[in-house]
Amino acid sequence: MSTDQNTDQNTQPAPRYALSARAAALRSSDVRELLKAAQQAQVISLAGGLPAAELFDTEGLRAATLAALDTNPAAALQYGLTEGQTALREALQAREREQGIALAGRALLVTTGSQQALDIVARLLLDEGDVVVVQRPSYLAALQTFNLAGAQCLGLDEDEEGARVEDLETMAFPRKPKLVYLVTPFANPSGATLSLRRRRWLLEWAARNEVLVLEDDPYGVLRTEGQELPSLAALAQDVPGARAWVGRTSTLSKAVAPGLRLGWLVLPTALAEAAARVKQSMDLHTSSFAQEVAAHYLAGGRLPAHLARVRGAYRERRRALCQALREAFGGALEFSEPEGGMFLWAHFTDGTDTRALLPAALAAGMAFVPGDAFYAGAAPRDRLRLSFSTETPERLREGVARLRKAWEASRRG
Ligand SMILES: Cc1ncc(COP(=O)(O)O)c(C=O)c1O
């Protein structure tokens, strides 16, 4: 017996949809295809970029959900304001102020994850052929967003002080950049943090050249060691003219839960008003239900203890991973240990091609992301990103043992 659908499939030629040139240019990454195998339970995955699910504060979120429905169901269930629900906006504004970010002359927009903040800024500023300066390597989904907007991404290399922003002075741009996009603390994938010196330099450059700098800060909240640095948005107060040229986005994804899909975008007021119009055309507003739950959660006062638990676990996991890698690879694998975040960025000193290594690693029962996935153009082949957030120290050690086995086999063969 055949269903209508089957009949259709058997008799009709596959429809040829005329995708927009931009959508057609978005290719599914072959790494993503390879990493589907990493979802099997027996594979120890150091490939994901996810928070640890077993640490979610389910109890606190359950209470916040009930409180949202009990206290003001209409606020949670009705359409809301494009800028965001008042209670959550106020809570997020208070958090920003605590971080030394003055909000006079700026507005905060609640977004559907910080990913949407990137999309809003892209739609707000970018025309076909516009130049966006990013760090190299870069957060992949940001590159996709800027490319989808028709922009070309040019990369700043990184060193131990983060992106080499001074190169902005000497880079040959096909046209004046519209945007500089940087993940300032604990970048994805490199874990690099932009130094204070470079932050100041960048702000002076932005003010002088009138180019918007968008600071993406999803990982600052996961600092486990060292001195917290003031954000670009906070520092801009002391650099003449810079406040008008800094935007900032952050998220509740790493601090609370990514399933909430809640982020925020802070922009100079004139830009924020235009950004709200852009957002309105995208989704009217971010889920009022999620926003009300988050507002109750933040008001409930459980976040500091939750964050302490998450940071403690990530610190232990990161240390276990670093130690296991040092013991297993010695000088064959170089990496610097970040003071927070979720990722370790390593490279094989013998030039091992990590993309070629991945199938062997998967066969041995572990997964990582080959480094070349994070580059817009020419990419080194000897890098890999290892995430330490989702696996226990014991499984991280076992994952490293499997990686070592795959690497040895690749050197023999
Ligand atoms: C650098 C960076 N920016 C933005 C995001 C998007 O986060 P979300 O949309 O969940 O807030 C991520 C997610 O991993 C990220 O790594």
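1. A molecule is taken to sit in a pocket if more than half of its atoms lie within 2 Å of the grid points of that pocket. In this predicted model, the ligand sits in the largest pocket.

2. The surroundings of the ligand comprise 13 residues, and the closest of these are Ser114, Asp216, Tyr219, Thr251 and Ser253. Sorted by class, the shell holds six polar, four nonpolar and three charged residues. Helix H7, spanning residues 113–125, supplies the largest share of this shell, namely three residues.

3. Three polar contacts with oxygen atoms of the ligand deserve a place in the description. Thr251 brings a polar side-chain atom to 2.6 Å from a ligand oxygen. Ser114 makes its contact through the backbone: one of its N or O atoms lies 2.7 Å from an oxygen atom of the ligand. For Asn188, a polar side-chain atom is found 3.0 Å from an oxygen atom of the ligand. As for burial, the ligand on its own has 400 Å² of accessible area, of which the protein covers 92%.

4. Regarding annotation, the unreviewed UniProt entry assigns the domain "Aminotransferase class I/classII large" to residues 65–403. Within the model, the chain over residues 65–403 is 42% helix and 18% strand. The C-alpha atoms at the two ends of this segment are 42 Å apart.

Notes. Residues are numbered from 1 along each chain as its sequence is written. This is a predicted model: local features need pLDDT of at least 70, side-chain atom pairs count only at pLDDT 80 or more; totals for chains, interfaces and linings use all residues. Side-chain values use heavy atoms; hydrogens and water are left out. A residue is near a molecule or strand if one of its heavy atoms lies within 4 Å of it. A polar contact is a pair of N or O atoms within 3.5 Å; within protein, one must be able to donate a hydrogen and the other to accept it, and residues adjacent in sequence count only if both atoms are side-chain atoms. Accessible areas come from the Shrake-Rupley method with a 1.4 Å probe; for residues, only the protein chains shown count as cover. On a 1 Å grid over the protein atoms alone, a cavity is a set of points where a 1.4 Å probe fits but cannot get out, and a pocket is an open set with protein on both sides within 12 Å along at least five of seven lines; lining residues have an atom within 4 Å of a point. Helices (H or I, at least four residues) and strands (E, at least two) are DSSP runs, numbered from the N terminus. Ala, Val, Leu, Ile, Met, Phe, Trp, Tyr, Cys and Pro count as nonpolar, Asp, Glu, Lys and Arg as charged, and the others, Gly among them, as polar. UniProt positions are given in the numbering used here, feature names are shortened, and annotations may be inferred rather than shown by experiment.
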